[in-house]
Amino acid sequence: MWVSEVATDFWSHLRGTSEFPNWSLYLLALMSAHTVVYWIARVTKLKGPNITAYNQDSFFGLKWRWSYMSGHPANAWAFCPHCDTMLVYSEIGSRFDPDRTTVLTCETCNSDLLHHEGDKDYLVQKVHRQIDRKIRTGEWQRVVETNL
């Protein structure tokens, strides 16, 4: 019985008004609660390396660097492990050749550093998948610590 009385009193309260309708004040409080929780979480968050600090790693024996777009790795590209020159690519085989190969070359050292099956886009996407894997497994933190 008391539950129905409380519900009736609360309903009357919501329909009542002060400066504003009471229901609008509850709605405003509910919406601002999200913001308060967000800021408390942000202030109390443990300080540590940010994921964007993970912007280089070694894959296929080469140094790869990338940036982030909307929180995801983008524009990964390889650099020479000896002289740090950005590598250039060439593709061996025609567009429809199943044995197509991508070759990454250092123009400074004048050497081919990687022969990889598939076209350039496949190679870059393969690196992006490895970056994503390391982010999901937490391995990226160890890489960032060793790069410091």
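1. Strand β2 (residues 62-69) is a nice place to start in this predicted model. Its side chains alternate: Leu62, Trp64, Trp66 and Tyr68 point to one face and are buried. Lys63, Arg65, Ser67 and Met69 point to the other face and are not buried.

2. On one side of the pairing story, β2 runs antiparallel to strand β1 (residues 56-59), and four bridges join the two. If you want a register to check by eye, look at Gln56, which stands opposite Arg65 in β2. Arg65 is also one of the residues on the face of β2 that is not buried.

3. Do have a look at the turn here as well. β1 and β2 form a hairpin with two residues between the strands, and Phe60 takes a positive phi near 55 degrees.

4. β2 also pairs with strand β3 (residues 72-79), again in the antiparallel sense, over six bridges. Here Ser67 has Ala74 in β3 as its bridge partner. Like Arg65, Ser67 points to the face of β2 that is not buried.

5. The hairpin of β2 and β3 has two residues between its strands, and in its turn Ser70 has a positive phi of about 55 degrees.

6. Away from the strands, which residues form a nonpolar patch on the surface? They are Leu27, Leu28, Leu30 and Met31, with about 420 Å² of accessible area together. Leu30 lies in helix α2 (residues 22-44). Leu30 counts as exposed because its relative accessibility is 61%, and the cut-off for exposed is over 50%.

Terms used
Residues numbered from 1 in each chain as written. Predicted model: local features only at pLDDT ≥ 70, side-chain atom pairs only at ≥ 80, totals over all residues. Heavy atoms only, no water. Patch = residues over 30% accessible without salt bridge, like charges linked within 9 Å, V, L, I, M, F, W, Y side chains within 5 Å. Areas by Shrake-Rupley, 256 points an atom, 1.4 Å probe, with all protein chains shown as cover. Salt bridge = Lys/Arg side-chain N within 4 Å of Asp/Glu carboxyl O. Buried < 20%, exposed > 50% of the residue type's maximum accessible area, 1.4 Å probe, protein only. Pairing = 2+ DSSP bridges.
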